[in-house]
Amino acid sequence: MTTLTTALAASLLAAALCAPARALDKPPVNAGPYVPSPKSVVSDMLTLAEVGPNDFVIDLGSGDGRIVLTAAKVFGARGFGVDIDEKLVREANEAARNEGVADQVKFTTQDLFKTDISQATVLTMYLLPHTVNMLKEKLLRELKPGTKIISHDYSLADWKEEKSIHMDLEDKVAISGVTTTLIWLYRVPARIAGAWRVRLPAQLSRDAVRMELATFRTTLLKGKARIRGRDVIIDGGSIQGNRVSFQLHTDAGSYEFTGTVKDGAMQGIVEGGGVKSAWSAAPAQ
């Protein structure tokens with residue numbers, strides 16, 4: 001088996017050269033050499049994602065199927081894995097039958113860039129960094145807000161992780177030449193960038209307020225609001241799935257907003273300046 005370190009440069013180049021092929025509907029893109037996650041890391045990945053019987057786990061580049069198989073056998077989840085190596089896919093499906101979880105999971109030979117991932121409540125991957133970041137737009141486009149993404153070793157550039165684990169494992173030496181092991185947990189954010197018409201407590205404004213929000217690092221939030229003829233700053237914000245929080249700063253003090261996004265609207269609680277009250281927002285016309 002080719003190690004990740006020795007194959008890294010060649011694989012990155014191969015992935016880059018293969019990118020235009022997807023647009024021309026050519027054969028599946030080879031996202032890099034097959035390198036399995038150590039079994040202890042598989043368990044840690046699924047534990048960090050709090051996988052359970054209600055989850056549907058999709059593994060991109062599933063290899064021998066160990067992540068999805070463990071999700072089914074140990075955590076009671078359902079799901080599927082995709083890989084372009086037909087031999088590995090056959091072995092994974094055979095393992096599912098032998099281990100009694102073929103009714104919960106399946107594996108298919110497929111290009112991971114073309115795979116429909118919209119069913120996932122948890123998506124896992126152990127892919128080269130170039131491949132991981134080629135997937136960013138697909139993850140945002142196809143996954144529902146709140147979906148958990150677990151990446152082994154390689155982070156999503158410009159995404160703010162929800163949690164991460166850094167540990168040293170001797171099992172990784174044979175794979176990468178070092179013991180360093182990283183697990184990254186992300187949560188797909190609701191899309192709330194843009195203009196909103198906001199109802200605030202009367203102490204802040206009796207009239208509806210226009211609020212403009214912008215995202216950065218995918219899950220972080222900033223912006224401004226127009227209150228009583230003046231622009232006030234919004235910062236310290238984050239989006240975790242359908243949960244949103246931010247701070248609004250006025251001359252009278254700062255206010256903490258928390259809330260949820262549902263059906264294209266937001267609502268929640270604002271606290272500050274002796275105020276604890278409801279707020280709500282709808283897209284501005």
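**Figure 1. Lys136 in helix α6.** Welcome to the first close-up, centred on Lys136, a residue of helix α6, which covers residues 136-142. As in every view here, what you see is a predicted model. Lys136 is buried and yet forms no salt bridge. Which side chain of opposite charge is nearest to Lys136? That is Asp158, 4.1 Å away, and because a salt bridge calls for a side-chain nitrogen within 4 Å of a carboxyl oxygen, the pair Lys136 and Asp158 is not counted as one. The side chain of Lys136 does reach a backbone oxygen, that of Ala157, at 3.1 Å. Setting aside neighbours within four places in sequence, the contacts of Lys136 are with Leu156, Ala157, Asp158 and Trp159.

**Figure 2. The second largest pocket and its lining.** This view turns to an open space with a volume of about 230 Å³, the second largest pocket. Its lining includes Gln203 and Leu204, then Ile227 and Arg228, and also Arg230, Asp231 and Val232. Further along the chain, His249, Thr250, Asp251, Ala252 and Tyr255 line the second largest pocket as well. Which strand gives the largest share of this lining? It is β11, with three residues. Both β11 (230-240) and β12 (243-250) supply at least two residues of the lining.

**Figure 3. Glu50, a loop residue with positive phi.** Most residues other than glycine have a negative phi. Glu50 goes the other way, with a phi near 55°. Where does Glu50 sit? Look in the loop that links α2 (39-48) with β1 (56-60). Glu50 counts as exposed because its relative accessibility is 58%.

**Figure 4. Asp263, in a loop between two strands.** Here is another residue other than glycine with a positive phi: the value for Asp263 is near 55°. The loop holding Asp263 lies between β13 (253-262) and β14 (265-272). Is Asp263 buried or exposed? Its relative accessibility is 73%, so Asp263 counts as exposed.

**Figure 5. Stepping back to the whole protein.** To place the close-ups in context, the protein has seven helices and 15 strands. Of its 285 residues, 44% count as buried, and Lys136 from the opening view is buried too. How much of the contact set with a separation of 6 or more comes from residues 24 or more positions apart? Such pairs account for 55% of those contacts.

Methods:
Residues are numbered from 1 along each chain as its sequence is written. This is a predicted model: local features need pLDDT of at least 70, side-chain atom pairs count only at pLDDT 80 or more; totals for chains, interfaces and linings use all residues. Side-chain values use heavy atoms; hydrogens and water are left out. Helices (H or I, at least four residues) and strands (E, at least two) are DSSP runs, numbered from the N terminus. Buried means under 20% relative accessible area, exposed over 50%, partly exposed in between (1.4 Å probe, protein chains only). Lys and Arg count as positive and Asp and Glu as negative; His and the chain ends are not counted. A polar contact is a pair of N or O atoms within 3.5 Å; within protein, one must be able to donate a hydrogen and the other to accept it, and residues adjacent in sequence count only if both atoms are side-chain atoms. Contact means heavy atoms within 4.5 Å. On a 1 Å grid over the protein atoms alone, a cavity is a set of points where a 1.4 Å probe fits but cannot get out, and a pocket is an open set with protein on both sides within 12 Å along at least five of seven lines; lining residues have an atom within 4 Å of a point. Grid points are joined across faces, edges and corners, and a volume is the space filled by probe spheres set on the points.
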